[in-house]
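Colleague: I should be grateful for a close look at a single part of this model, together with an account of what surrounds that part.

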Amino acid sequence: MLQVYLVRHGETEWNAARRIQGQSDSPLTAKGLYQARQVAERVRNEGITHVITSDLGRTRHTAQIIADACGCEVINEPRLRELHMGVLEERVLDGLTGQEEIWRKQMVDGTPEGRIPEGETMTELAARMRAALDNCLQLPPGSKPLLVSHGIALGCLISTILGLPAYAERRLRLRNCSLSRVDHQQSAWLANGWIVETAGDVSHLDLPALDELQR
């Protein structure tokens with residue numbers, strides 16, 4: 001059985017300001033750095049062998065803190081990037097026009113093949129996230145990788161493992177520096193392949209953590 005840990009990056013300045021990030025970037029806040037240290041301490045003794053991260057700054061910074069605790073090097077994997085939010089990137093959430101809010105909601109309300117202009121569909125996101133996860137199957141026997149990615153991206157990945165379409169209504173909350181785990185296994189009582197062991201665990205955080213909409 002292959003166990004793969006999934007971590008969302010720490011809180012960023014734009015998370016706190018309710019600004020849409022997508023594949024744009026902003027630095028971790030002091031709280032985000034603290035969260036990264038806490039999740040690093042949580043997994044320090046789990047035998048992590050590889051820390052693989054989205055190549056955006058907020059994930060790379062979170063991943064480096066985890067890798068230092070686990071004695072690993074950081075491996076960049078662009079397929080773990082957040083959903084590309086197109087023309088809405090860098091916009092303040094509360095300042096969107098009515099039409100822009102319709103575009104944004106299509107990414108979470110179950111609209112098939114919804115797309116923000118110049119952005120990605122959830123189906124496109126799911127394909128590259130699943131490819132990045134499946135690539136872990138090529139690691140040496142005995143590996144225990146940890147992937148650092150983003151809220152929408154990880155939520156989409158976990159939902160599709162559960163058999164939902166990529167564009168399904170979004171009902172999984174993954175807060176900053178939450179910890180999830182998926183396993184690849186053969187079982188008499190579960191479907192063969194990837195299964196979800198845990199999702200969105202924040203028991204290692206001693207301060208309230210945000211989701212991407214601060215709810």
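Modeller: A convenient place to begin is G71, a residue with a positive phi, near 75°, that follows helix α3. The model is a predicted one, and the helix in question covers residues 57–70. Its 14 residues, at 1.5 Å a residue, should span 20 Å, and the end C-alpha atoms are indeed 20 Å apart, so expectation and model agree.

Several residues of α3 are buried, namely R58, T59, T62, A63, I65, I66, A67, A69 and C70. An α-helix has 3.6 residues a turn, so residues three or four places apart point the same way. The cover over the buried residues of α3 includes the strands β1, β2 (50–53), β3 and β4, as well as helix α2.

The strands lead to the sheet itself. This is an open sheet of six strands with mixed pairing, and its order is β3-β2-β4-β1-β5-β6. Its edges are β3 (74–76) and β6 (193–201); each has a single partner strand, so one side of each lacks a neighbour in the sheet. From one strand to the next, the twist averages 25°.

At the β6 edge, the pairing with β5 (residues 179–185) is antiparallel and extends over six bridges. Q185 has G193, in β6, as its bridge partner. Helix α2 (residues 30–43), already named as part of the cover of α3, packs on the sheet, where it touches β1 (2–8), β4 (145–149), β5 and β6. The direction of α2 makes about 40° with that of β5.

Technical notes: Residues numbered from 1 in each chain as written. Predicted model: local features only at pLDDT ≥ 70, side-chain atom pairs only at ≥ 80, totals over all residues. Heavy atoms only, no water. Pairing = 2+ DSSP bridges. Helix = DSSP H or I, 4+ residues; strand = E, 2+ residues; numbered from the N terminus. Axes fitted to C-alpha atoms, helices over the stretch in contact; angles between N-to-C directions. Contact = heavy atoms within 4.5 Å. Expected span 1.5 Å × (residues − 1). Buried < 20%, exposed > 50% of the residue type's maximum accessible area, 1.4 Å probe, protein only.
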